[in-house]
Amino acid sequence: MKILIASDMEGITGVTNWDQVTPGHPEYARFRKLMTGDVNAAVRGALNAGANEVIVADGHWNGSNILIEELDPRARLNSGSPSPFSMMQGINQNVDGVFFIGYHARQGSQGAVLDHTWSNTCVANVWLNDLIAGEYTLNAALAGHFNIPVLMISGDQTVCAQAFQQLGDLEIAIVKEATGHFSAECLPPDITGKMIQVAAQRALKRVKGKNTPKPFVLKTPINVTVELNSSDMADKAMSMPGVTRDGLKLTFSAEDMPKAYSAFRALVLMSYPR
Ligand SMILES: [Zn+2]
């Protein structure tokens, strides 16, 4: 059994503001360590419960947050950016299930630490086939293309609820109760590490018992709509071939989820203000 741990940073133990997850800020070093701790707890849980192989994708910012020198030596790490599958690097390597560790709610969520969707600078909303999407939706749909289920998620209570609602009854580890965009009641790492490990073990048991959530498979072709934050961003991104525009909303169609994911990433990159 092979598990992909797709990690992000905003939903890591203790994180409540951007300074803590921004390279260059003095606080960032502490939270890289905490991110590595949350990921290690998931690695332990997976391997204790029968996984033979764990690949980790470092999905925040430039993809070099996890401290490899502190990573469980039984795991392998996809680090750096850009990579072909970004936050899901490794998904095409015969994986049996995915864990989302350190995830955050979609843009515009109430009671959600650092809620955003892909880029808080550029992106207001994303829809996949008219379904409002967070990063967990985009990434689960990419896994769904390979017929791989998402087995668990860790983060605040709001991202766990959103994922549960969209993706099915996956295992959850709520490491903080968000009270706002920049506030939460946080559990310390000694506690969250145990919670994440136990949730990972439960997830693996369900793989063995063949009662995991179903892979999140979207109907193809996939219709992607991205609402950007301002007209100058929409002006830039609308020059992408195949895109139609309605105000701040850009829409395109893609034949499958890997193509939709690539085009979405390209569109967001194009929209950045310079
Ligand atoms: Zn992030």
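Let me begin with burial: of the 274 residues in the chain, 57% are buried, where buried means under 20% relative accessible area, exposed means over 50%, and partly exposed is in between, with a 1.4 Å probe and protein chains only. Before going on, I should say that this is a predicted model, in which local features need pLDDT of at least 70 and side-chain atom pairs count only at pLDDT 80 or more, while totals for chains, interfaces and linings use all residues. Residues are numbered from 1 along each chain as its sequence is written, and side-chain values use heavy atoms, with hydrogens and water left out.

Now the overall build. The chain contains 6 helices and 12 strands; these are DSSP runs numbered from the N terminus, with helices being H or I of at least four residues and strands being E of at least two. Its radius of gyration is 18 Å, close to the 19 Å of the globule rule for 274 residues, so the chain is as compact as a globular protein of that length; the radius is taken over C-alpha atoms, and the rule is 2.2 Å times the number of residues to the power 0.38. The C-alpha trace spans about 50 × 40 × 30 Å along its principal axes. If we take the contacts with a separation of 6 or more, 70% of them are between residues 24 or more positions apart, a contact being heavy atoms within 4.5 Å.

Next, the metal site. Which protein atoms are the donors of the zinc ion? They come from D8 (OD), from E10 (OE), which is listed twice, and from H60 (ND1), and they lie 2.1 to 2.5 Å from the ion. Donors here are N, O and S atoms within 2.8 Å of the metal, or 3.2 Å for Na, K and Ca, and since water is not among the atoms, sites may look incomplete. The angles subtended by the 4 donor atoms run from 55 to 139 degrees, which makes the arrangement irregular. For reference, four donors count as tetrahedral if all angles lie between 85 and 135 degrees, four count as square planar and six as octahedral if opposite donors are over 155 degrees apart and all others between 65 and 115, and anything else is irregular. Along the chain the donors follow the spacing D-x1-E-x49-H. Distant parts of the chain are linked here, with E10 in the loop between β1 (2–7) and α1 (28–48) and H60, 50 residues apart from it, in the loop between β2 (53–58) and β3 (75–78). E10 counts as buried because its relative accessibility is 2%, and H60 is buried as well, at 3%.

Turning to the interior, the largest nonpolar core has 54 residues, of which M88, V98, F100, L228 and M257 touch the most other members. Such a core is a set of buried Ala, Val, Leu, Ile, Met, Phe, Trp, Tyr and Cys residues joined through side-chain atoms within 4.5 Å. Helix α6 (residues 257–271) gives the most to this core, namely 7 residues. Apart from it lies another core, of 38 residues, which includes L34, A51, V54 and L204. Beyond its neighbours within four places in sequence, F100 has contacts that include A6, M88, Y136 and L167.

Y136 brings us to helix α2 (135–145), where 10 of the 11 residues are buried, so α2 is largely enclosed by the rest of the structure. Those buried residues pack against β4, β5 (123–128), β6 (131–132), β7, α3 (157–167) and α6.

Finally, some backbone details. Most residues other than glycine have a negative phi, and most peptide bonds are trans. N147, which is not a glycine, has a positive phi of about 65 degrees, and this residue lies in the loop between α2 and β7 (150–156). N147 counts as exposed because its relative accessibility is 55%. K210, in the loop between α4 and β10, likewise has a positive phi, near 55 degrees, and is exposed at 75%. As for the peptide bonds, a cis bond joins S81 and P82, with omega about -5 degrees, and P82 sits in the loop between β3 and β4 (97–103). The bond from T220 to P221 is also cis, with omega near -5 degrees, and P221 is found in the loop between α4 (189–208) and β10 (222–228).
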